[in-house]
Amino acid sequence: MLSENPALLGLATIILGVGACLGYFFLSNLVLDKVVFPARGKHAGRNINRANMVRPWLFLFPALFALGLYLAYPVFETLRLSLTDRSLGGAFVGFDNYRQMMNEAKFWEALRNNMLWLIVVPAISTSFGLLAAQLTDRLRWGNLAKSLIFMPMAISFVGASVIFKLIYDTRPADQNQIGVLNAIWLKFDGGAGSIFVLQILPTVFFLAVAGLAVFSGWGMFRDGSASLRGRSLWQMSLRVCAAVLGLWLVWASISAAVGIWFVELPYGEPQTWLTIPFWNNFFLMAVLIWIQTGFAMVILSAALRGIPEETVEAAIVDGANPFQIFFKIKVPQIMGTIVVVWTTITLTVLKVFDIVFAMTNGQWETQVLANYMYDKLFRSNDWGVGSASAIVIMLLVTPILVWNVHNARKEMR
Amino acid sequence: MTSLSLKGVSKAYGSMEVLRDIDLDIEQGELVVFVGPSGCGKSTLLRMIAGLEKITGGTLDIDNVVVNDLPPAQRGIAMVFQSYALYPHMTVYDNMAFSLKLAGKSRQEIDTAVRSAADMLQLSQYLDRLPKALSGGQRQRVAIGRAIVRDPKVFLFDEPLSNLDAALRVATRIEIAQLKESMPDSTMIYVTHDQVEAMTLATRIVVLHGGGIEQVGAPLELYERPANTFVAQFIGSPAMNLIEAKVTETGPRTSVIMADGGHATLPIPTRAEDQGNAVKLGVRPEDLSLVEGDDFLVSADVEIIEALGETTVLYFKPKSDAPALIAKLPGIHQIQRGTHLKLIAAPEKLHLFDENGVSFLYRS
């Protein structure tokens, strides 16, 4: 009867599960207090102390057991599997799987795409989140705007992917486009409006990015030379890295601004957006950015609220304009939170699987490591290379995870 | 020379008026203290001068320039906040240099200004520290230093000592007094609810109450010649006693009698039409002394005795619904609870207010 009614089955499972948990805690404590270390007899005092030393472990045991079985054991098993070969009956093959993986172009493509995701998604999500948090802070309808921006957090990655697949959808040119992006694209006809929106505006945007990079780089250079004293080597190297990144950004945006005038734009033809190599990665990233911006906004909005109002007023009296207040007073005070948000999104990005799986399944050069692992493990039935790629993902995640936990702890203090 | 002047300044949030028609001229080099109970609008007035609150009526001049619509940084003011408001991510040096950097001053100029301010405030060895590594008093000094480096026309202090503990408050109060001595030309406006700070620091005190100015004057002027019962009771601790009385004789000297048979003749002029009117006689607890015989001001039963050694404070049982009478006698007195005592005060120490609470000294 139970198996015919899923709702009842679920209810029974819940009751059974919760009951078992309560039963475990109650009975194990009972056994500890009445049988193992009874609070009677001439050792009553000593027994109570011993029982209290054992008790925390009774409560920790289920969690430790589950974590060990489902987290710690798989790590070591995966490591072992990555050194064996299924087709040879599980024989030890050393680093052969890793060598084979390194020789696959698809692996390098996945690694490159992952790096791209790693740079673009946390950066854009965090900055959009910060922007949304700051802009909605003082508005009467700010809370409504925040709810709307936060809402995608409630949608699963696969659900969001389906939504965006519809946005990117393509129909033949003579039919109505159901994809929003193509519907907009077909409105451009190569006239003055198209040139303005698709060439002049992007040029202005790229030049603005280049200008901003030069400006902030110059500001950092001036600050850096103004107070060289007390700067550690670490900070100096960080500045050098930022400078290199800035120069690259200037070069990239200027070349993009120039390049946009030499591209032949295919007006009037519906585009299959997800098959355009390289750029399709960004169409996939849009899904995750759409979801994670809400997360970043909520956390950063709380952090912005925590800034003492008087420091902002002191800055106003000191003559700071709204931009200087934001960048020199507010942002530095919530830098710790920004780093935590950034690294948390980075962790999500490194594990990204569902979006790529649901939208392109790694075709057209959109492969990422997690999907590559799934491909190897469950489609090619090659546990060796699959496990090897899993280990690579773990190695990439671990340092960021450690740093994230470290920062989060620092924030809590 | 007038440094700052308020003409009919008012502030309203929507239809709720919190300050109305404030007229005040502040001379260069003055230290003016705004004092009043909480909610009287003294901090709002200071923030309006700073430019952090919009002025909804009247004009504010600083150095004869109307600054109503100028942003804070261009008004020539600097402000010290109650909670220090130091930038937590900047060193002491950068905290003090921030405004100069924003103003685009050269590095040498900034360095000279910051170091001389730090010397003045004994902060030189802390310049590389972050605010969280400083004590409360040091933080307050950094906040003051941040104001000094800007070389403002007017310094604004918003209850700067209320976050410090009692001992540090006294020390910092004296430091601020010394700072004022060392900068005799700078104008300062200081907001506090603590009348000791007001009395010790001010060249002039502005008593605010219910969104308006009650009286402006030198500290001892407010103590000796309060304009109304509010100022009379706000300045001085314990507060001035107010006793219901009736005028029996008018002229250059006025005689009054109290319900319990006490009487007094004061050197305060009244007019013939005041004859028989109900008035309030004010006498400070420290001006009262014990007396025998029929020639007394007030008489009452002692209810509580606080012997502090240097003074003895007597609280008398109130008659009907009148407020309790308080007397502060110098030295130690052996007095039993419940004793019926008669008290007197020197005629020139007495104050006389009409039934609206306005002093006869200031009656137009």
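Author: Buried area is the accessible area, taken with a 1.4 Å probe, that two parts lose on being put together, summed over both. The structure discussed here is a predicted model, and the two parts in question are chain A and chain B, which bury about 1800 Å² between them, 61% of it on carbon and sulfur atoms.

Reader: Which three residues supply more than any other three of the area that chain A buries against chain B?

Author: They are A:Glu310, A:Val317 and A:Asp318, which together supply 37% of the area on the side of chain A. The contact as a whole takes 18 residues from chain A and 25 residues from chain B.

Reader: What makes B:Arg47 and A:Glu313 a salt bridge?

Author: The rule asks for a side-chain nitrogen of Lys or Arg within 4 Å of a carboxyl oxygen of Asp or Glu. The closest N and O atoms of B:Arg47 and A:Glu313 are 2.6 Å apart, and this distance lies within the 4 Å cut-off, so the pair is called a salt bridge. Side chains of opposite charge can pair when their charged atoms come close.

Reader: How do you know that this pair joins two chains?

Author: A:Glu313 lies in helix H11 of chain A, whereas B:Arg47 lies in helix H1 (residues 42-50) of chain B, and therefore the pair joins two chains. Across the interface of chain A and chain B the rule finds 1 salt bridge, and the count of residue pairs in polar contact there, both at pLDDT 80 or more, is 7. The elements of chain A that give two or more residues to the side touching chain B are helix H8 (192-226), helix H11 (309-318) and helix H12 (322-333). Of these, H11(A) gives the most, with 8 residues, and the residues on that side of chain A divide into 8 nonpolar, 5 polar and 5 charged.

Reader: Why are A:Glu313 and B:Arg47 called buried?

Author: A residue counts as buried when its relative accessible area is under 20%. A:Glu313 has 10% relative accessibility and B:Arg47 has 17%, so both values fall under the cut-off and both residues count as buried. These two residues also belong, with B:Lys11 and B:Glu53, to a network linked by salt bridges.

Reader: What makes B:Glu30 buried and B:Arg204 partly exposed, when the two meet in a salt bridge?

Author: The side chains of B:Glu30 and B:Arg204 meet with 2.6 Å from N to O. The pair links distant parts of the chain, 174 residues apart, with B:Glu30 in the loop between strand E2 (16-27) and strand E3 (31-35) of chain B and B:Arg204 in strand E9 (residues 204-209) of chain B. B:Glu30 has a relative accessible area of 11%, which is under 20%, so B:Glu30 is buried. B:Arg204 stands at 21%, between the cut-offs of 20% and 50%, and therefore counts as partly exposed.

Reader: Why is A:Lys146 said to have no salt bridge?

Author: The nearest side chain of opposite charge, A:Asp137, is 4.9 Å away, and because the rule requires a distance within 4 Å, the two do not qualify. A:Lys146 is nevertheless buried, and its place is in helix H5 (residues 142-150) of chain A. Not counting residues up to four places away in sequence, A:Lys146 touches A:Thr136, A:Met297, A:Ser301 and A:Arg305.

Reader: How do you know that A:Glu109 and A:Lys106 are separated by about one helical turn?

Author: The two are 3 residues apart in helix H4 (residues 105-135) of chain A, and so they are separated by about one helical turn. Their closest N and O atoms are 3.3 Å apart, and the pair forms a salt bridge.

Reader: What is said of phi in B:Ala85 and B:Gln122, and is each residue buried or exposed?

Author: Phi of B:Ala85 is near 55 degrees, a positive value in a residue other than glycine, and B:Gln122, which is not a glycine either, has a positive phi of about 55 degrees. B:Ala85 has a relative accessible area of 4%, under the 20% limit, so B:Ala85 is buried. B:Gln122 has 53% relative accessibility, over the 50% limit, and therefore counts as exposed.

Conventions. Residues numbered from 1 in each chain as written. Chains lettered and ligands numbered in written order. Predicted model: local features only at pLDDT ≥ 70, side-chain atom pairs only at ≥ 80, totals over all residues. Heavy atoms only, no water. Contact = heavy atoms within 4.5 Å. Polar contact = N/O pair within 3.5 Å; in protein donor to acceptor, adjacent residues only side chain to side chain. Helix = DSSP H or I, 4+ residues; strand = E, 2+ residues; numbered from the N terminus. Nonpolar A, V, L, I, M, F, W, Y, C, P; charged D, E, K, R; others polar. Buried < 20%, exposed > 50% of the residue type's maximum accessible area, 1.4 Å probe, protein only. Lys, Arg positive; Asp, Glu negative; His and termini not counted.
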